[in-house]
Amino acid sequence: MIAYVKGLLTTVEDESITIETQGIGYEVLCANPFHFQNDVKKEIKVHTYHYIREDQQLLFGFRKKEDKLLFAKLLNVSGIGPKGALAILGTVSVPEFVSAIEQEDEKYLTRFPGVGKKTARQMILDLKGKLVIWLPHEENEDSIFYQEDTTSKEKRERIDEALEALKSLGYSERELKLVHTELVNTKNGQVDDLVRQGLQLLMKS
């Protein structure tokens, strides 16, 4: 198995990046390849999941090891394939997803591409209680998870509203995916605050 690839980032495509190491270029499929845009021509390390089937071998890449581990967990859920798992990781942070599972928030889970009520329920049945290690501890003051006067579900709803507002301004789905994780990692804020933060991030990209 290929646990990670470390080398020169040569290209960024719509669905993948290419990393060259020792004269070999590895095509690595990613949820948000353009997160690596600023690293082109630099040496990077990407955690990889080596997906092997009779008719294909693919490398999926992740910035964080917990993203890779969650990807592997999702592949064990009936009805979730690699593309579906990658789509989930492209639109949500690990703590946010774990919170939705623990709260049995089917409405939220069905927002992911290809996830209906049956698959959402299967994810809850298969994963609840098995991912809580990735939830921040309450005593951690640096936690990016939502601890103040709101629940994670309420925070997700506000982020969704902010993203809809940004979408109405003409930003594409790809651009919105790039700022989604950053908005998740912010402290509590109202919809207007999140929209302003999103605009700032989009103008920088």
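**View A. Surroundings of D105 in the predicted model**. D105 is placed in the loop that connects helix 3 (94-102) with helix 4 (106-109). The relative accessible area of D105 is 5%, under the 20% limit, so the residue counts as buried. A polar atom of the D105 side chain lies 3.2 Å from the backbone nitrogen of Y108.

**View B. Spans annotated in UniProt**. An unreviewed UniProt entry assigns the annotation "domain: Helix-hairpin-helix DNA-binding motif class" to residues 72-91 and 107-126. In the model, residues 72-91 are 60% helix and 0% strand, with 17 Å between the end C-alpha atoms. Residues 107-126 are 65% helix and 0% strand, and their end C-alpha atoms likewise stand 17 Å apart.

**View C. The five-stranded barrel**. Five strands, in the order 1-2-3-5-4, close into a barrel with mixed pairing. On average, neighbouring strands of this sheet are turned by 55° against each other, direction ignored. Strand 1 (residues 4-12) and strand 4 (residues 43-53) run antiparallel and are joined by five bridges. Within strand 4, I44 is the residue opposite G7.

**View D. Helices 1 and 2 across the strands**. Helix 1 (residues 65-75) lies across strand 4 and strand 5 (56-62), and its direction is at about 10° to that of strand 4. Helix 2 (residues 82-89) lies across strand 3 (24-30), strand 4 and strand 5. The angle between helix 2 and strand 5 is about 10°.

Methods. Residues numbered from 1 in each chain as written. Predicted model: local features only at pLDDT ≥ 70, side-chain atom pairs only at ≥ 80, totals over all residues. Heavy atoms only, no water. UniProt positions renumbered as here; feature names shortened; annotations may be inferred. Helix = DSSP H or I, 4+ residues; strand = E, 2+ residues; numbered from the N terminus. Buried < 20%, exposed > 50% of the residue type's maximum accessible area, 1.4 Å probe, protein only. Polar contact = N/O pair within 3.5 Å; in protein donor to acceptor, adjacent residues only side chain to side chain. Pairing = 2+ DSSP bridges. Axes fitted to C-alpha atoms, helices over the stretch in contact; angles between N-to-C directions. Contact = heavy atoms within 4.5 Å.
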